[in-house]
Every structure is written in C-alpha cells, then in structure tokens.
Amino acid sequence: MNPSCSRCGKIVYPTEKVNCLDKFWHKACFHCEVCKMTLNMKNYKGYDKKPYCNAHYPKQSFTTVADTPENLRLKQQSELQSQVRYKEDFEKNKGKGFSVVTDTPELQRIKKTQDQISNIKYHEEFEKNRMGSIGEERRNSQDDAIPRRPEMQQQPPKQSYQQSSSAYNYNEPAAAPPMRAAPLEPPSGGRRFKAVYDYAAADEDEVSFQDGDIILNVQQIDDGWMYGTVERTGETGMLPANYVEAM
C-alpha cells in the first residue's frame, strides 16, 4: 500500500516518493518550511523532523540558568571535590618526578626491546672482559713456564805471575806455548728427548727447536735447564727442561 505525503496528505507513488526525516514526501512537497524552496537529499537540513534550507535553518539558543542558592551550593561542592582529587593525585605522585603513563601495548613492546638491547650489550662487554683476562692469564702462565737460567758465578781474576815476579826483579824465562787439546764431543750414548713446544733461543748459547724435534745427547744441568743437540738442525746448546719430554 502506498503511503501518504506528510505535507499534502495525498498518496505518494514510488516514482515521486522522497523518504526523509522518517516521513514520506512528494518531490514538490519536500521544500523549506519558511521560503518554500524545493529541496533534495543533498541541500536540506532537518530540524524537529521538518525540512529547512541553509538560510532559514533555526538557530539553537541556550537558556541562562539563574544562580539560585541550590545551584551555587552544587557548584561550590563540585569545586571542592575537584580540589580534593587534585591534592590526592599530587600527594600520590609527589617525589616520583614523572607523570603516570599508561602501559599501552606499544610502550610495553618498546620497553621489552630496550631490555633485550641492554642484555645483549651487557653480555658483549662481559665476554670481551672475560676473553681479555683469559688471554692475559695465558701470557703470564707462558712467561712463568720458562725457567730462569742459573747465573754463572764470577771467578776472581787471576793475578799475573809475571807481575808478582817483577816485584822481586826476577825475569822468568819464557815457557813454550802449550799444545791445543782437541775439542771434547758430547757422548753419543746420551739421553734422547722430544720437544713438545716451539722454543726460540734467547741467548747465544741456547738452541731453537720446533714441536716434535728430537734432542740428542741430553745432559741435565739443573732442574730447569738441559744441554743437548737438535737432530734436525745439528745445533748444540742449552734448552729449557719443561719444553721437552723423555722418549
């Protein structure tokens, strides 16, 4: 059943029907209540379920409320409540030095990321310090592993017989020069040792060798040093005892 027009009361057919402001209108009947200008769905303004144009749209006016004793009491009471709440919040946050921020998901994610970065930096610094201390301990242990060579005792200088004889004005005839003795060779049946570390000679009477070299004709000098010949190079000299092991 076709509805009736809200303005003229006649039947509104679908071809000329306008459905607006919870009512049905003819297209010609949908006009401003003041100037009768025909309106459409784009330029109308509704007020109290009646169409108006932009120029004649009623302006809302606010009524002034009188300051009665009851209104003044309510106003004063609301102001006191606001001051009490403000003081409570101020005392609660006093000394914190920052405002309260709600823990939103984004802030929680940022906080978690910062904590992870701090943990990573802490572990990196810890590993660096630990590796540095381990390397220093190794260097100190290697330096301590090399024994100190025994110091040779200095013999007092021999007094020249010629000087003592000259004190008595006695000239001894020159003696014939002694014959040179053949250099002594180390015994061939000495002990054999094998190098377990590399060693570089630190003095002229020491020998250098590499890990795995065979040391022949080894003679023990003291608890820390030995004397022997490196089979690979043929050099003979002193070597640290804790760098080789018996075969």
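This text walks through one sheet of the structure and two residues with an uncommon backbone angle. The model is a predicted one.

Start with the sheet. It is open and has five strands. Their order is S8-S7-S6-S5-S9, and the pairing is antiparallel. Strands of a sheet pair through backbone hydrogen bonds, in either a parallel or an antiparallel way.

Now look at the two ends of that order. Strand S8 covers residues 236-240, and strand S9 covers 244-246. Both stand at the edges. Each has a single partner strand, so one side of each is left without a neighbour in the sheet. The sheet also twists from strand to strand: neighbouring strands are turned by 45° against each other on average, with direction ignored.

Next, follow the pairings, beginning at the S9 edge. Strand S5 holds residues 191-195. Three bridges join S5 to S9, and the two run antiparallel. Find alanine 195 here: its place is opposite valine 244 in S9.

S5 also pairs with S6. Again the two run antiparallel, joined by three bridges. Look for phenylalanine 193, which stands opposite isoleucine 215 in S6.

Move on to S6 and S7. Strand S6 spans residues 214-220, and strand S7 spans residues 225-230. Four bridges link S6 and S7 in the antiparallel sense. One pair to find is glutamine 220 and its bridge partner in S7, methionine 226. S6 and S7 form a hairpin, with four residues between them.

Stay with S6 for a moment. Which residue in strand S6 (residues 214-220) has its place here and deserves a second look? Asparagine 217 lies in this strand. Its phi is near 50°, a positive value in a residue other than glycine. Is asparagine 217 buried or exposed? Its relative accessible area is 15%. Buried means under 20%, so asparagine 217 counts as buried.

Now leave the sheet and go to aspartate 22. Here too phi is positive, at about 60°, although aspartate 22 is not a glycine. Where is aspartate 22 placed? It sits in the loop between strand S1 (17-20) and strand S2 (23-26). Its relative accessibility is 66%. The cut-off for exposed is over 50%, so aspartate 22 counts as exposed.

Set the two residues side by side. Asparagine 217 is in a strand and is buried. Aspartate 22 is in a loop and is exposed. Phi is positive in asparagine 217, and it is positive in aspartate 22.

Definitions and conventions:
Residues are numbered from 1 along each chain as its sequence is written. This is a predicted model: local features need pLDDT of at least 70, side-chain atom pairs count only at pLDDT 80 or more; totals for chains, interfaces and linings use all residues. Side-chain values use heavy atoms; hydrogens and water are left out. Two strands pair if DSSP finds at least two bridges between them. Axes are lines fitted to C-alpha atoms, for helices over the stretch in contact, and angles run from 0 to 180 degrees between N-to-C directions. Buried means under 20% relative accessible area, exposed over 50%, partly exposed in between (1.4 Å probe, protein chains only).
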